[in-house]
Structure formats: C-alpha cells, structure tokens
Amino acid sequence: MDSNICALELLGVFFSTVAWLCSLATTLMSTWLTLSTDLLPTESYELGLWETCVVQDLGALECRPYDSLLGLPPDIKLARILMCLTVATGLLGLFLTIPGMYVVNSCDQRLEDLKCKRVMKMIGGVLCLAAGILGLIPVSYIAHLTVLRFFDETVPEVVPRWEFGDALFCGWTAGFLHLVAGALLLTSCLCQQEDNCTMPVPIPLVRLHSTNSSRRTRCEYV
C-alpha cells in the first residue's frame, strides 16, 4: 500500500475530528449573535441556539434558556435542526472512516477485506461532505439575516443591532474542515482503487502428489 494513501487517510480523519469538535462547539455556544448598546456600556448580550446571555464588564455571566420551543423564531428552529443533523452526520462518518482505514487492522491483505474497507471509508467521506454542507447552511443563513437586519433602513439608527458572534466563525471553520476531510477521504479511496487494480492476484497451486503416487502403485501391480 502506498504511503500517500495512509497520509491522506490520517489527514482526513484528523480534519474530520477537528471539524466535528468545532461543530459541537458551534451548536452549544451562546455567541451566535452579540449586541451592545451605548445606553448600557457595561453590559452586552449574546444570542445562541439554546439560551440568551447577559455579559457584564466585571465578568459576570447570566444565561437564560428559551422558555418555549414553539415560540422560537423560525431561523433559530432551522439552525437547531440542521446543527443537530451536522453533529450526528459527522460523528457517523467518523465512526465509519476509522475502521475503514488501511492502517487499522492491516494484517490481513485479502482483496475482499480491502474492498470492504474502501467502501466504509468512501461512505465516511460522503458523510463528511454532507456534514460540511449541513453545517454551512444554518451559519450562512443566520449571517445573511443579520446583515439584512443590520443595514435595514426602515429601522432607526438609535436602535441597537445584532452583530456576528464567535460561533458563526467557528461554524464556518467546521464546515470548511468537513469538506476538506471528505475530499481527502474520497481521494484516498480513488488512489486505493487504482492500487488494488495493479495488485497481483494469487493463483492457487494444485498438488499432483496424490495422483503420481496412485500411478506408481498401479505400475507395480502390473
């Protein structure tokens, strides 16, 4: 097996793990949007998928979860669903990719086992790509709505506006890393397929020892 395939596999698993951790952090973080006003310079507000927080300059943090699921805005509901799907898809892809790596349990070199590993790794790469797309949709959608509301001319300028939080940038990073991980894993599958095509197929040898011995016994009786 080519060492480049092992390097692609390790990089893909590494980026997939980091992307999944970033996706999980993005889902749990309460800093999707931030707001600060001139009327209360000592306080700032943070908006997340699960709670809203008030941050004071002295370091005090007070968070309050949402009271009702049905009363949430549609964008928060959509972001919740898609981010939960992102975390689940990325974790499933990671669980399928690790057993499909060539460096894991690589003592058996049978062609059937290599094909099974390649299929598992390919499915894991596709799931990583899907997790990247699912993770980029809610983050980009929330950012798009925030930009539209920030530059809305119908709202007076004295009204405070929400701005981008750290969770959005963490979500963009997670989506990009998921896409990179999926591309690396699928590339390693293609390279492994070409390597398997050039692999020599063992030809079983037929022993003729028993037939020769029977012929000798027949000749002795004659």
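pLDDT is the predictor's confidence in each residue, on a scale from 0 to 100. The structure analysed here is a predicted model, and the mean pLDDT of the chain is 83, with 81% of the residues scoring at least 70. Confidence is highest in helix 2 (residues 74-97), where the mean is 95, and lowest in helix 5 (residues 209-221), where the mean is 46. Two stretches fall below 50. In residues 197-206 the pLDDT is below 50, and the model gives this stretch two contacts beyond near neighbours in sequence. Residues 208-222 also stay under 50 in pLDDT, and for them the model has zero contacts beyond four places in sequence. Where pLDDT is low, the predicted coordinates should not be read in detail.

The strands were examined next. An open sheet is formed by five strands, in the order 4-3-2-1-5, with antiparallel pairing. The edges are occupied by strand 4 and strand 5 (163-164); each has a single partner strand, so one side of each is left without a neighbour in the sheet. Strand 5 pairs with strand 1 (residues 33-36) in the antiparallel sense, over two bridges. Leu33 has Phe164, in strand 5, as its bridge partner. Strands of a sheet pair through backbone hydrogen bonds, either parallel or antiparallel.

A search of the whole structure for disulfides returns one. The bond is formed by Cys53 and Cys63, whose sulfur atoms are 2.0 Å apart, which lies within the 2.5 Å cut-off for a disulfide. The link of Cys53 and Cys63 is right-handed, with 105 degrees about the S-S bond. Cys53 belongs to strand 3 (residues 51-56) and Cys63 to strand 4 (residues 61-65), so the disulfide ties together parts that are 10 residues apart in sequence. A disulfide is a covalent bond between the sulfur atoms of two cysteines.

The two bonded cysteines fall into separate accessibility classes: Cys53 is buried, at 2% relative accessibility, whereas Cys63 is partly exposed, at 33%. Further cysteines were also considered. Cys116 has a relative accessibility of 46% and counts as partly exposed. Cys189 is buried, with a relative accessible area of 0%. For the sulfur of Cys189, the closest cysteine sulfur is that of Cys191, at 9.3 Å, which is too far for a bond.

Note on methods: Residues are numbered from 1 along each chain as its sequence is written. This is a predicted model: local features need pLDDT of at least 70, side-chain atom pairs count only at pLDDT 80 or more; totals for chains, interfaces and linings use all residues. Side-chain values use heavy atoms; hydrogens and water are left out. Helices (H or I, at least four residues) and strands (E, at least two) are DSSP runs, numbered from the N terminus. Buried means under 20% relative accessible area, exposed over 50%, partly exposed in between (1.4 Å probe, protein chains only). Contact means heavy atoms within 4.5 Å. Two strands pair if DSSP finds at least two bridges between them.
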